[in-house]
Amino acid sequence: MGKFYDSIADHHREFIEFQHLFFVSTAPLNAGGHINLSPKGLDSFRILSSTRVAYMDIVGSGNETSAHILENGRITFMFCAFGGPPNILRLYGQGYTVLPGD
């Protein structure tokens, strides 16, 4: 059974920092739109506080993530253990885009 937390605990931080790969997911409000789920990595994720994170989106095939964030702000990050004990950690939140000139 999944557990929900209001903030990122120290053991969550340790798990996140150990992962080399994570996934970002967003979706539009329109039921006919596409859910966007992308693998990310390259040391691009940072924990700013127990309730705030950031990542550098290295755009590849498009920029649906930013479009969805602009529309509704919803974003989910997922971290999976590919070695050691099985573990999946999801961070649900509200996001916003920060551009290089900001």
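**Salt bridges in the predicted model**

Glutamate 17 and arginine 13 sit four residues apart in helix H1 (residues 10–18), so about one helical turn separates them. In this predicted model, the two side chains form a salt bridge, with 3.7 Å between the closest N and O atoms. That distance falls within the 4 Å cut-off, and the contact therefore counts. The partners differ in their surroundings: glutamate 17 is exposed, at a relative accessible area of 56%, whereas arginine 13 is partly exposed, at 28%.

A further salt bridge joins the side chains of aspartate 57 and lysine 40, with an N to O distance of 2.5 Å. Here aspartate 57 belongs to the loop between strand S4 (52–55) and helix H2 (64–72), while lysine 40 is part of strand S2 (residues 36–40); the pair therefore ties together parts that lie 17 residues apart in sequence. Aspartate 57 has a relative accessible area of 26% and is partly exposed. Lysine 40, in contrast, is buried, with a value of 12%, which is under the 20% limit for that class.

Aspartate 43 and arginine 46 also meet through their side chains in a salt bridge, at 3.2 Å from N to O. Of these partners, aspartate 43 counts as exposed, at 61% relative accessibility, and arginine 46 as partly exposed, at 42%.

Taken together, the count comes to three salt bridges. One of them lies in helix H1, between glutamate 17 and arginine 13, and another links a loop residue, aspartate 57, to lysine 40 in strand S2.

Key
Residues are numbered from 1 along each chain as its sequence is written. This is a predicted model: local features need pLDDT of at least 70, side-chain atom pairs count only at pLDDT 80 or more; totals for chains, interfaces and linings use all residues. Side-chain values use heavy atoms; hydrogens and water are left out. Helices (H or I, at least four residues) and strands (E, at least two) are DSSP runs, numbered from the N terminus. Buried means under 20% relative accessible area, exposed over 50%, partly exposed in between (1.4 Å probe, protein chains only).
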